[in-house]
Amino acid sequence: ALFEAHVRGMTIVQVQGCGNSHGWTEYVRGRQVPLNTIPKVQFDLVVDDSQVDDIVAVICAAARTGEVGDGKIFVAPVEEVVEAMAEAASEVRDGEVTTAVRDSQAADGSPIRSGDVMGIVSGSIDVVGSDVKDVTLECVRRMQAEEEGDTLTILAGSDLSDEAFEEIVAAIEEDQPDLEIDPHRGEQPLYPVIFSIE
């Protein structure tokens, strides 16, 4: 029904919740177990203001059963959400570490040779060295010196061993004790380390 109403995109999520029904009670292995939430389906749509009334009418006509649990429809302006997300994204700075595949130049004009390890900060090659750990640590130092962040999210690439990744994280923890570190295996190719600071 929504596609017929010219809705071209939506997000559908399986969620748990409770409303006026407050869940129910089940018996598991002879014991009474209260289940305070029940499975529900959440649809998220973003539509033009001119479509809101028609879309709400289509949803009600297609989904209303008259039974408990029919659900609710919330309508809210998205401009505030978009502005808040844009502001949050602007506060995230990113970096990555990779190996040069040809000779080039860093942002400051210094030479880069094929095989050098490059630290790229917000799209600019700012650090050049021979060791992934040292280059990553120097990138983080420079970013923190420019503007101190609270959280570092760091992803290990597919070619970086767990041991090497743990050494990088430990070196950053020692050098930046006030920075919360959130390490993960990203398994990305070509970049042994990708990170962001916010």
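Which residues of α3 are buried? In this predicted model, the list runs to Val132, Val135, Thr136, Leu137, Cys139, Val140, Met143 and Gln144. The helix that carries them has 15 residues, and its first and last C-alpha atoms lie 21 Å apart, close to the 21 Å expected at 1.5 Å a residue. As for what sits against those buried residues, they pack against β5, β8, β9 (124-129), β10, α4 and β12. An α-helix has 3.6 residues a turn, so residues three or four places apart point the same way. That is handy to keep in mind when looking down a helix on the screen.

Helix α2 makes a good contrast. It covers residues 79-90, twelve in total, and spans 16 Å from first C-alpha to last, close to the 16 Å expected at 1.5 Å a residue. How many of the twelve residues of α2 are buried? The number is zero, so α2 lies largely in the open.

Back to the inside of the protein. The largest nonpolar core holds 24 residues, and those touching the most other members are Leu152, Ile154, Ile172, Val193 and Phe195. Two or more residues each come from β8 (117-121), α3 (132-146), β10 (151-156), α4 (162-175) and β12 (193-197). Helix α3 gives the largest share of this core, with six residues.

Phe195 is worth clicking on. Leaving out residues up to four places away in sequence, its contacts take in a run from Arg93 through Asp94, Gly95 and Glu96 to Val97. Phe195 also touches Thr136, Cys139, Val140 and Met143, and these four are among the buried residues of α3. Leu152, Thr153 and Ile154 complete the set of contacts for Phe195.

One of those contacts, Thr153, lies in strand β10. Is Thr153 buried, partly exposed or exposed? Its relative accessibility is 22%, and because buried means under 20%, Thr153 counts as partly exposed. Beyond its neighbours up to four places away in sequence, Thr153 touches Asp182, His184, Ile194, Phe195 and Ser196. Thr153 and Ile197 are 44 residues apart in sequence, yet their C-alpha atoms are 6.5 Å apart in space.

Strand β10 also contains Thr151. With neighbours within four places in sequence set aside, Thr151 is in contact with Leu179, Glu180, Ser196, Ile197 and Glu198. Here too the chain brings together residues from separate places in the sequence: Thr151 and Ile181 are 30 residues apart along the chain, with 5.9 Å between their C-alpha atoms.

Another such pairing involves Met10, found in the segment before β1 (11-17). Met10 is 36 residues from Val46 in sequence and 7.3 Å from it in space, C-alpha to C-alpha. Not counting residues up to four places away, Met10 touches Leu2, Phe3, Phe43, Asp44 and Leu45. With 27% relative accessibility, Met10 counts as partly exposed.

Next comes a pocket. The second largest one encloses about 290 Å³ of space. Which residues lie closest to its centre? Of the 17 that line this pocket, they are Thr98, Thr99, Ala100, Val101 and Leu190. Strands β5 (93-99) and β8 are the elements that give two or more residues to the lining. Sorted by class, the lining has nine nonpolar, six polar and two charged residues.

Leu190 turns up again when the backbone is examined. Most residues other than glycine have a negative phi, and most peptide bonds are trans. Leu190, although not a glycine, has a positive phi of about 70 degrees. It is found in the loop between β11 (180-185) and β12, and at 66% relative accessibility it counts as exposed.

Ser122 has a positive phi as well, of about 50 degrees, and is likewise not a glycine. Its place is in the loop between β8 and β9. With a relative accessible area of 49%, Ser122 is partly exposed, because exposed means over 50%.

Methods
Residues are numbered from 1 along each chain as its sequence is written. This is a predicted model: local features need pLDDT of at least 70, side-chain atom pairs count only at pLDDT 80 or more; totals for chains, interfaces and linings use all residues. Side-chain values use heavy atoms; hydrogens and water are left out. The expected span of a helix is 1.5 Å times one less than its number of residues. Buried means under 20% relative accessible area, exposed over 50%, partly exposed in between (1.4 Å probe, protein chains only). A nonpolar core is a set of buried Ala, Val, Leu, Ile, Met, Phe, Trp, Tyr and Cys residues joined through side-chain atoms within 4.5 Å. Contact means heavy atoms within 4.5 Å. On a 1 Å grid over the protein atoms alone, a cavity is a set of points where a 1.4 Å probe fits but cannot get out, and a pocket is an open set with protein on both sides within 12 Å along at least five of seven lines; lining residues have an atom within 4 Å of a point. Grid points are joined across faces, edges and corners, and a volume is the space filled by probe spheres set on the points. Ala, Val, Leu, Ile, Met, Phe, Trp, Tyr, Cys and Pro count as nonpolar, Asp, Glu, Lys and Arg as charged, and the others, Gly among them, as polar.
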